[in-house]
Amino acid sequence: MLQSVVCLFNRILFRFALQPLNKVLYGGTYKVVHTCSATGKRKVFWCCTWQDAVDWVSCACNDDRVTVTDTAGFVLAQRG
């Protein structure tokens, strides 16, 4: 029980510690990754708003898998 509480605390701390750094490095709040299962090729897009991220998800018609994460790496949405 204590280990799970410590793990949760570390994830929250890690999230808020890295969020400003990722925003400075990449300039976006959301990372959208398109993955083609046939070739294994990945395309990464950084977006500042949720609407931009959703727009990038909708244009991934040829890619099998699309994942939207925040700057801390938490998966917010996934298709495929």
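This is a dialogue between a colleague and a modeller about how to read the features of one predicted protein model.

Colleague: Let's start broadly. How many helices and strands does the protein chain have, and what pattern do they follow along the sequence?

Modeller: Keep in mind that we are looking at a predicted model. The protein chain has 2 helices and 4 strands, and their pattern along the sequence is α-β-β-α-β-β. Of its 80 residues, 26% are buried. The chain exposes about 5,600 Å², and carbon and sulfur atoms supply 62% of that area.

Colleague: How should I read the sheet, and in which order do the strands lie?

Modeller: The general idea comes first. Strands of a sheet pair through backbone hydrogen bonds, either parallel or antiparallel. Here, 4 strands form an open sheet in the order β2-β1-β3-β4, with antiparallel pairing. The edge strands are β2 (42–47) and β4, each of which pairs on one side only. On average, neighbouring strands of this sheet are turned by 15° against each other, direction ignored.

Colleague: How many bridges join each pair of strands?

Modeller: Take them across the sheet. β1 is joined to β2 by 6 bridges, and 6 bridges also join β1 to β3. Between β3 and β4 there are 4 bridges. For individual partners, look at His-34, whose bridge partner in β2 is Lys-43. Tyr-30 stands opposite Asp-70 in β3, and Val-66 has Arg-79 as its bridge partner in β4.

Colleague: What should I look for in the hairpins, and which glycines have a positive phi there?

Modeller: Look at the residues between the strands and at their backbone angles. The hairpin of β1 and β2 has 6 residues between the strands, and Gly-40 takes a positive phi near 80°. In the hairpin of β3 and β4 there are 4 residues between the strands, and Gly-73 in the turn has a positive phi of about 95°.

Colleague: Is Gly-40 buried or partly exposed?

Modeller: Gly-40 is partly exposed because its relative accessible area is 48%. This glycine sits in the loop between β1 and β2. Gly-40 and Asp-63 are 23 residues apart in sequence, with 9.7 Å between their C-alpha atoms.

Colleague: Where does helix α2 lie with respect to the sheet?

Modeller: Helix α2 (residues 50–58) lies across β1, β2, β3 and β4, and runs at about 5° to β1.

Colleague: How do I read aromatic pairs, and how many does a search of the whole structure find?

Modeller: A pair of aromatic rings is described by the distance of the centres and the angle of the planes. A search of the whole structure finds 2 aromatic pairs. Tyr-30 and Trp-50 form an edge-to-face pair, 5.4 Å centre to centre with 70° between the planes. That pair links distant parts of the chain, since Tyr-30 is in strand β1 and Trp-50 in helix α2, 20 residues apart. Tyr-30 is buried, at a relative accessible area of 18%, whereas Trp-50 is partly exposed at 38%.

Colleague: Why is the pair of Phe-45 and Trp-56 called stacked?

Modeller: Their ring centres are 3.8 Å apart and their planes are at 10°, so the pair is stacked. It too links distant parts of the chain: Phe-45 is in strand β2 and Trp-56 in helix α2, 11 residues apart. Trp-56 is partly exposed, with a relative accessible area of 33%.

Colleague: What surrounds His-34, and is this residue buried or exposed?

Modeller: His-34 is found in strand β1 (residues 30–35). With a relative accessibility of 3%, this histidine counts as buried. A polar atom of its side chain lies 3.0 Å from the backbone oxygen of Trp-56. Leaving aside residues up to four places away in sequence, His-34 touches several residues, including Phe-45, Trp-56, Cys-59, Asp-63 and Val-66.

Colleague: Which residues does Thr-67 touch?

Modeller: Thr-67 is found in strand β3 (residues 65–70). Its contacts, not counting residues up to four places away in sequence, are Lys-31, Val-32, Val-33, Val-75, Ala-77 and Gln-78. Thr-67 is buried because its relative accessible area of 13% is under 20%.

Colleague: And for the whole chain, what share of the contacts with a separation of 6 or more comes from residues 24 or more positions apart?

Modeller: Such residues account for 39% of those contacts in the protein chain.

Key:
Residues are numbered from 1 along each chain as its sequence is written. Side-chain values use heavy atoms; hydrogens and water are left out. Buried means under 20% relative accessible area, exposed over 50%, partly exposed in between (1.4 Å probe, protein chains only). Contact means heavy atoms within 4.5 Å. Two strands pair if DSSP finds at least two bridges between them. A polar contact is a pair of N or O atoms within 3.5 Å; within protein, one must be able to donate a hydrogen and the other to accept it, and residues adjacent in sequence count only if both atoms are side-chain atoms. Axes are lines fitted to C-alpha atoms, for helices over the stretch in contact, and angles run from 0 to 180 degrees between N-to-C directions. Rings of Phe, Tyr and Trp (its six-membered ring) pair if their centres lie within 6.5 Å; planes under 30 degrees apart count as stacked, over 60 as edge-to-face and the rest as tilted. Accessible areas come from the Shrake-Rupley method with a 1.4 Å probe; for residues, only the protein chains shown count as cover.
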